[in-house]
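Colleague: Could you take me through one part of this model up close, and then show me how it fits into the rest? I work at the bench, so plain words are welcome.

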Amino acid sequence: MKTAVIQFPGSNCDMDAVKAVQSTTAGTAELVWHTTKDLSAYDVIVVPGGFSYGDYLRAGAIARFSPVMDAVATEALRGKLVMGICNGFQVLTEAGLLPGALRQNESLQFRCEMAQLVVENTDTPYTRSYHEGEVIRIPIAHGEGNYYADDATVQELEKNEQIVFRYRKEHNPNGSVGDIAGIVNKNKNVLGMMPHPERAVHELLGSADGVRLFTSIFTTWRDAHGTR
Amino acid sequence: MTWQALIYVTLKGSVLDPQGTAVTKALHAMQYTNVHDVRVGKYLEVVFDADNEQAANEQVQAMCAKFLTNPVIETYTYRLAEVAS
Amino acid sequence: MAHGEPTPQQVQEQKIYRTFGLTEEEYEKIIASLGRLPNYTETGIFSVMWSEHCSYKSSRPVLRRFPTTGERVLQGPGENAGIVDIGDNLAVVFKMESHNHPTAIEPYQGAATGVGGIIRDIFTMGARPIALLNSLRFGELNDAHNRYLFSHSVEGIGGYGNCIGIPTVGGEVVFDNRYTHNPLVNAMCVGLIAHDKIATGTASGTNNPVLVVGAKTGRDGIHGATFASTQDPHAKERSAVQVGDPFMEKLLLEACLELIDTGKVIGIQDMGAAGLTSSSAEMASRAGSGLVLDVTKVPVRETAMTPYEMMLSESQERMLVVMEKGEEAIAYEIFEKWGLEATAIGHVTDDGFLRIVEGETVAAQIPVTALVDEAPIAYRASLRPRYLDELRVDLPVCQVASSMKDELVALLSRETIASKEWVYDQYDSMVRTETFVRPGSDAAVVGVPGTKKALAFVTDGNGRYVYLDPHQGGAMAVAEAARNLVCSGAQPLAVTDCLNYGNPEKPEIFYQLEQSADGISRACEVFATPVIGGNVSLYNESHGIDIYPTPVIGMVGLIEDVKDIMTSDLKASGHALYLLGDLFAGLDDGLGGSEYLLMRDPMHHLDYALPTFVFDDEKGVQDVCLQAIQQGLLHAAHDVSDGGLLVALAEMAMTENKLGVQVRLSPDHALSTNDLLAVFFGESPSRILVEVAKQNEQALTSLATMHGVPCVRLGEVTKDSTFTVYIDQDVVVQAPVQELESAWRGAIGSWMNG
């Protein structure tokens, strides 16, 4: 399994994503600069967290016009796994690969803490190693993570079982609609989530609950390609 | 011809504006109890060339739709004026 | 004269140098150095280089007393940051710096650019920054302006650190009205480096090119360095405050590290205070060389800038780089990849002059030695303040409002003692995925990739202590920093310090500086933690009031094996609680200097002397604690500091584990209410609370006995989540941990979110 971690100017969780893939799976991961135009050599694409282009104008608004984003869209259309974490989620919504938008947190403050997520859907390539309804601990760190979509879109997400993670009731850290923390596209191959699974891969980091997200990806890939 | 567009971006009316709510509360605390509502937004000044006013308008609208705003949550108004180049 | 500036004669006749902050003597000295009258630009250059901020003219004689060497020290003071060896061909690079005056004027940008500046000091050395800490002081939160300064500073710190992707892992926040008009923002950055990648700020090798890299130059913060050194920043113009761009700095960081990694960099230095002037002069000074710089080549974002403005601009996110001749293209290529500018603006010479040219015209020509080595020293008068000889040593009589429990609850909700979650939840403390202990424990712990090692960081300082006893207060700051590291399982390595004081021209203030520096020096020797860098911030006075003398100690410790990482939260019921150190120290020491006394008797709290502090006792307690951790005997450790014994115990109990504490004290004679207050809330130093499993109690007490350290069994960790203190058979404090916790967690938020 070859993973590309996209590096925009201002990405800062890029190395963390590389380390997480390498330490939790038998696959490889490498940084790919944002000017790259072809991602066909990779099986999995991670759009990492950080502050691409300083989050100036809107989080993700400038990055979404980087040359690499056409390649990301192409591979997503071909069914490859594309995962946006935090700023990556913002980039994917700006690029139209996922519905909705991320607003400023309701508290108006940046918030970094261990969040509790409910796994809503285990029938995705990203969550097959979790149990439905399981509560997992994954950190958040964002100022604009307040997911918004209009009622019709949210109903659509519910109906198609595209909501993958929700914050535990009464523990929503940013005011997102429906306590949404992470969603997939209709094909379930593109995931966007505000919490950082790559920061929860070892007990020393306070939680290892993110490991199974990466092993889910790896198992999905292995089932499709055999061991290689 | 050189044009200047003064573009005002705000959250759509249907989208909660927590910053605006906070500013409203603060104004109330400062005894400006006559304040009903505040919407906080962004203001951009874009200076650019276009052949005529219609072309200029089209350009501004395209820039706003594609990049300067996120239509999922934001809306905009603008004023356009010709400026000396 | 060009640009309509005053002529050298006018500078002299109209005493324009005075408006730059130069004294008559200093101006005469400049004339003597040059052998002629300085022109306007030269006068400006001298004024910033000889300012307190750049030359340390008041504090230099004091700083010389610090111990600065040690087996592990690879780089002491004098470079952008100090460096300490941690084995495996790796070293830790760190420094702390103040940004007090800019924060008083514009808290968001002031604090943010403080963070940006200290980060540049670290990656200039070639190190990858791995952690940030901040030591903050504000006036109390019942004042709206204090809340404004506090919330915006925190936002600025977060805004910069979060964006650039360096975790903010720790620090401290103290509230006291002595800081109302002079908030303190001291930012510390820590980096990691391989020994063979260390870069320095040297401009050597005649004809080697000099490059400006990073952001363009504008008219930001001109005379910021002199502004930092003069009284009452509020009187100055707001335009002197610079605006930070963390995105630009992130790119600059990556580009500089990539450039240094090529091995083609001769020297590199941050353009911080006094911008191009101090960076160029210092780089040339270290190499004993000279420089020619053409200001017309400096990339600018404003028009018609004069050489004077170019030299004094404090535009942020810029670096000065000396490359090997002919290798400039490497820099151009790397900086272009990161979307940044790199521009050659001059070269190294061998004549010892800093020569500024504007195309064909020479705008300034000054011997480097005159700017750096011959900077004047101000030998300030020192006078022991009278109040020091009038302090009381008896126990203060305090009125207990209702019950001891209520006293404890009140103390836990003091802003200085209360949980700082409101602050640190706004900081990304986890990016880089090496943060093993987040903010909230005694020290922050960050892993060293590729090894079993971890580093522990802490900042500590207590201005009130130093005010009450400058020498001992200085020593206690170092002791507490070391104690916090030890409680986290780390061996203290070295110190960076920020010395924040009032107006040094007042002899009593200079006495505080001198004496506390001596106390720090002595303690650094005892704990074998040399001072490898830092900075001094003077003139922290306004409306005639000086801040408390507030030296802040930033200390770094090494944990050889991550299995030894220790935290302060209780782990399991049935474990025993012990105190290393003297349980009843308060009966002799009283409440002097304590937060409790400030709370209950604000009018007289400065009348009482500090508790006694004995180096040997402190060292003994720390040695026992660290050895006990390394032998696997402990499950938690927490030092007794602000708020005293009961606050420390309560802090250990307020965890996710929902445990309780049952403590039984058995004094050898009956205690009065005042005695009890002193035992419960006195802040006698050299004490650590530890949690130990039953089967290890014997081993712990033997270890303590062997070191001659008192080790008292206080009680047990319980599972009922109640906090109970007995004196013999009588319950004197009892409360659900939940009640203590909501007072402690909610205090700051109740001011800020209301």
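What is the relative accessible area of Arg432(C), and does that make the residue buried, partly exposed or exposed?

Modeller: Happy to. Arg432(C) has a relative accessible area of 22%, so it counts as partly exposed. The cut-offs are under 20% for buried and over 50% for exposed, with partly exposed in between, using a 1.4 Å probe and protein chains only.

A word on the ground rules before we go on. Residues are numbered from 1 along each chain as its sequence is written, while chains are lettered from A and ligands numbered from 1 in the order in which they are written. This is a predicted model, where local features need pLDDT of at least 70, side-chain atom pairs count only at pLDDT 80 or more, and totals for chains, interfaces and linings use all residues; side-chain values use heavy atoms, with hydrogens and water left out.

Back to your residue. Arg432(C) sits in the loop between α17 (421-424) and β14 (435-437) of chain C. Helices (H or I, at least four residues) and strands (E, at least two) are DSSP runs, numbered from the N terminus. The backbone at Arg432(C) has a positive phi of about 85°, although the residue is not a glycine. Chain A offers another case: Glu170(A) has phi near 70°, again a positive value in a residue other than glycine. Glu170(A) also lies in a loop, between β9 (163-167) and β10 (180-184) of chain A. With a relative accessible area of 75%, Glu170(A) is exposed.

Now for the chain around your arginine. Chain C has 27 helices and 28 strands. Its radius of gyration is 27 Å, which agrees with the value near 27 Å for a compact globule of 754 residues. That radius is taken over C-alpha atoms, and the globule rule is 2.2 Å times the number of residues to the power 0.38. Along the principal axes, the C-alpha trace of chain C spans about 90 × 55 × 50 Å. Buried residues make up 67% of the chain. Contact means heavy atoms within 4.5 Å, and of the contacts in chain C with a separation of 6 or more, 85% are between residues 24 or more positions apart.

What lies inside? A nonpolar core is a set of buried Ala, Val, Leu, Ile, Met, Phe, Trp, Tyr and Cys residues joined through side-chain atoms within 4.5 Å. The largest one has 184 residues, and those with the most contacts inside it are Leu39(A), Ile119(C), Phe150(C) and Phe335(C). Helix α11 (residues 246-261) of chain C gives the most to this core, with 10 residues. A second, separate core of 50 residues includes Leu408(C), Ala648(C), Met652(C) and Val661(C). Phe150(C) is a good place to zoom in: leaving aside neighbours within four places in sequence, its contacts include Phe138(C), Val173(C), Trp422(C), Val423(C) and Met752(C).

For a contrast with Arg432(C), try Asn696(C), in the loop between β25 (688-692) and α26 (697-706) of chain C. Asn696(C) is buried, at 16% relative accessible area. Beyond its neighbours within four places in sequence, Asn696(C) touches Gly632(C) and Leu633(C).

Chain C has company, too. Two pairs of chains touch, and the pair with the most contacts is chains A and C. No contact joins chain B and chain C, whose closest C-alpha atoms are 10 Å apart.

Chain A has five helices and 11 strands. Its radius of gyration is 16 Å, close to the 17 Å that the globule rule gives for 228 residues, so chain A is as compact as a globular protein of that length. Of those residues, 64% count as buried. One of its loops, between β11 (190-193) and α5 (211-225), holds Gly210(A), which is buried at 0% relative accessible area. Setting aside neighbours within four places in sequence, Gly210(A) contacts Tyr130(A), Ile138(A), Pro197(A), Ala200(A) and Val201(A).

In chain B, Glu58(B) belongs to helix α2 (residues 53-68). At 45% relative accessibility, Glu58(B) is partly exposed.
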